[in-house]
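Work through the exercises below with the coordinates open. Each task is followed by a solution in steps.

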Amino acid sequence: MTSKIINYDQFEKVDIRLGTIIEAKEYDELKKPSILLKIDFGTNIGIKKSSAQLRKNYKCSDLINKQVIAVINFKPKQIGKIISEVLVLALPDNESEAILLSPQIKLENGVKLY
């Protein structure tokens, strides 16, 4: 698969930040069961919601206080009855199930990817 080439200016428009999951609840009202997340991105950005298909690899209780990386400036997306405000970033495991991107060292919420 060949990636589409973009300019660095285009990449700079994508706002990728670090946040800490403060709430995680199972959500069964979609075709593929998900977890609703509330993520704290710090004082300047605040708390944002997201829906993520994580239940194959994560329990809700394991996600609390986990730091994750997310795109925070996409247009909010309606997913079932909820609005997802950020896109949490993950990579697929061998079964194409999400593995969250997370720093190895705790960092300040809201820090921007560079």
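## Exercise 1: Ser51

Task: decide whether Ser51 is buried, partly exposed or exposed.

Solution. The model is predicted. Step one: the relative accessibility of Ser51 is 14%. Step two: the cut-off for buried is under 20%. Ser51 therefore counts as buried. Step three places the residue: Ser51 belongs to strand 3, which covers residues 47-52. Step four lists what surrounds it: setting aside residues up to four places away in sequence, Ser51 touches Leu30, Ser34, Ile35, Leu36, Ile79, Ile82 and Ser84.

## Exercise 2: Leu36

Task: classify Leu36 by accessibility and list its contacts.

Solution. Step one: Leu36 is part of strand 2. Step two: with a relative accessible area of 23%, Leu36 is partly exposed, because that class lies between the 20% and 50% cut-offs. Step three: neighbours within four places in sequence aside, Leu36 is in contact with Glu23, Ala24, Lys25, Tyr27, Ser50, Ser51 and Ile82. Step four takes one of these partners: Ile82 is 46 residues from Leu36 in sequence, while the C-alpha atoms of the two are 8.9 Å apart.

## Exercise 3: The nonpolar core

Task: find the residues with the most contacts inside the largest nonpolar core, and the elements that supply it.

Solution. Step one: the largest nonpolar core contains 18 residues, and Leu37, Ile39, Leu54 and Leu63 have the most contacts inside it. Step two: at least two core residues each come from strand 1 (16-27), strand 2 (34-40), helix 2 (60-63), strand 4 (67-71) and strand 9 (98-100). Step three: strand 2 gives the largest share, three residues. Step four follows Leu54, which is in contact with Ile35, Leu37, Leu63, Ala98 and Leu100 once neighbours within four places in sequence are left aside.

## Exercise 4: The whole chain

Task: compare the radius of gyration of the protein chain with that of a compact globule, and describe the fold order.

Solution. Step one: a compact globule of 114 residues would have a radius of gyration near 13 Å; the protein chain has 14 Å, so the two agree. Step two: the C-alpha trace spans about 40 × 40 × 30 Å along its principal axes. Step three: the protein chain has two helices and nine strands, in the order α-β-β-β-α-β-β-β-β-β-β. Step four: of the contacts between residues at least 6 apart in sequence, 58% join residues at least 24 apart. Step five: buried residues make up 32% of the 114 residues.

Definitions and conventions:
Residues numbered from 1 in each chain as written. Predicted model: local features only at pLDDT ≥ 70, side-chain atom pairs only at ≥ 80, totals over all residues. Heavy atoms only, no water. Core = buried A, V, L, I, M, F, W, Y, C linked by side-chain atoms within 4.5 Å. Buried < 20%, exposed > 50% of the residue type's maximum accessible area, 1.4 Å probe, protein only. Helix = DSSP H or I, 4+ residues; strand = E, 2+ residues; numbered from the N terminus. Contact = heavy atoms within 4.5 Å. Rg over C-alpha atoms; globule rule 2.2 N^0.38 Å.
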